[in-house]
Amino acid sequence: MNCARRCGPLILAVAVLLGACSSSEPPEPIVRGPLPGADADREALDRVRSDNLGQSSPDAAESAPATNAPKPITDLTSEERRAFLLLEAKGEPQEPSCTPKDVIFRYQFNDAAAGHRYALIEVENISAQDCGLGFFPGMGVASTDGEPMSPRLEVSDRAMSNEPVTPRAIVLSPGGKAFTEIEWTGELAENWQPHLGAFAIQLAPGDDVAMYEPPEPIIDLGNGTTLRFTAWQQ
């Protein structure tokens, strides 16, 4: 009797607990809300990631390799200028031979007709002493980008007037001038193709090479164009 009174509440509590455990209903999930300030932190992180995708670090910019831009013609070494030559100068001059420092160059366009272009390159002795030219100039071509080009070079024995040109040694006194006539024809370049930006000119065999830029690029003298030039004339 005394046990029933004392154990009754305990038996009732155990029964309730067993009933709760045997229930088939799943417990409701616990839903936790965002922590205070979480949305603001996430937006800030997204902005940082976006900025990093669009910008490179200063260290990365400094370590980026330089572009392979060609040297300006005025900065080329003697060996680099010589590499543009396609034909060497011919004929021994009277010594001392003219060097690029002794002369200035001029370009004059003369005529154009039926796929042919005619011009001349003049050289003037600006030194204080006589100097000599080879029979034929050495010749080569650089593009407007400073790259070697490969026109078909030919030596011509005829002037633009169709008169024969006799190769000979020429001596330029101070202020003296000589010229070579040039003609280009055949496969003329389109204006979007590589075209002539400078002539590589050698005044005498074995001498240094001068890079001469005409006043304007010659837009139809390109790779594959036939370029003819005469011996030096006066």
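**Exercise 1. Strand E12 and its neighbours**

Task: Determine whether strand E12 (residues 225–229) is largely enclosed or largely open, and establish which strands it joins in this predicted model.

Solution.

Step 1. Consider burial. Of the 5 residues of strand E12, 4 are buried, so the strand is largely enclosed by the rest of the structure.

Step 2. Identify the parallel neighbour. Strand E6 (residues 152–155) runs parallel to E12, and 4 bridges join the two. Within this pairing, Arg152 is placed opposite Thr226 of E12.

Step 3. Identify the antiparallel neighbour. Strand E8 (residues 177–186) is joined to E12 by 5 bridges, and the two strands run antiparallel. Here Glu183 stands opposite Arg228, and Trp184 has Leu227 as its bridge partner.

Step 4. Relate these pairings to the general rule. Strands of a sheet pair through backbone hydrogen bonds, in either the parallel or the antiparallel sense.

**Exercise 2. The sheet that contains E12**

Task: State the order of the strands in the open sheet, and name its edge strands.

Solution.

Step 1. Write the order. The open sheet has 5 strands, arranged E2-E3-E8-E12-E6, and its pairing is mixed.

Step 2. Find the edges. E2 and E6 are the edge strands, since each pairs on one side only.

Step 3. Add the twist. From one strand to the next, the twist averages 20 degrees.

**Exercise 3. A salt-bridge network**

Task: Which residues are joined with Glu154 and Arg228 into one network of salt bridges?

Solution.

Step 1. Begin with the pair itself. Glu154 and Arg228 form a salt bridge in which the closest N and O atoms are 2.9 Å apart. The pair links distant parts of the chain, with Glu154 in strand E6 and Arg228 in strand E12, 74 residues apart.

Step 2. Classify the two partners. Partly exposed residues lie between the 20% and 50% limits of relative accessible area. Glu154, at 27%, is therefore partly exposed, and Arg228, at 25%, is likewise partly exposed.

Step 3. Extend the pair. Through salt bridges that share partners, Arg152, Glu154, Glu183 and Arg228 form one network.

Step 4. Recall the principle. Side chains of opposite charge can pair when their charged atoms come close.

**Exercise 4. Two further salt bridges**

Task: Of the 8 salt bridges in the whole structure, examine Arg106 with Glu124 and Arg117 with Asp220, and decide whether the acidic partners are buried or exposed.

Solution.

Step 1. Take Arg106 and Glu124. Their side chains meet in a salt bridge with an N to O distance of 2.6 Å. Arg106 belongs to strand E2 (residues 103–113) and Glu124 to strand E3 (residues 116–125), with their positions 18 residues apart in the chain.

Step 2. Compare each value with the limits. Arg106 has a relative accessible area of 34% and is partly exposed, whereas Glu124, at 14%, counts as buried.

Step 3. Take Arg117 and Asp220. Their closest N and O atoms are 2.8 Å apart in a salt bridge. Arg117 lies in strand E3 and Asp220 in strand E11, 103 residues apart.

Step 4. Classify Asp220. Its relative accessibility is 15%, so Asp220 counts as buried.

**Exercise 5. Strand E11**

Task: Describe the burial of strand E11 (residues 218–222) and its pairing with strand E9 (residues 195–202).

Solution.

Step 1. Because 4 of its 5 residues are buried, strand E11 is largely enclosed by the rest of the structure.

Step 2. E9 and E11 pair in the antiparallel sense over 2 bridges, and His195 stands opposite Gly222 of E11.

Notes: Residues numbered from 1 in each chain as written. Predicted model: local features only at pLDDT ≥ 70, side-chain atom pairs only at ≥ 80, totals over all residues. Heavy atoms only, no water. Buried < 20%, exposed > 50% of the residue type's maximum accessible area, 1.4 Å probe, protein only. Pairing = 2+ DSSP bridges. Salt bridge = Lys/Arg side-chain N within 4 Å of Asp/Glu carboxyl O. Axes fitted to C-alpha atoms, helices over the stretch in contact; angles between N-to-C directions.
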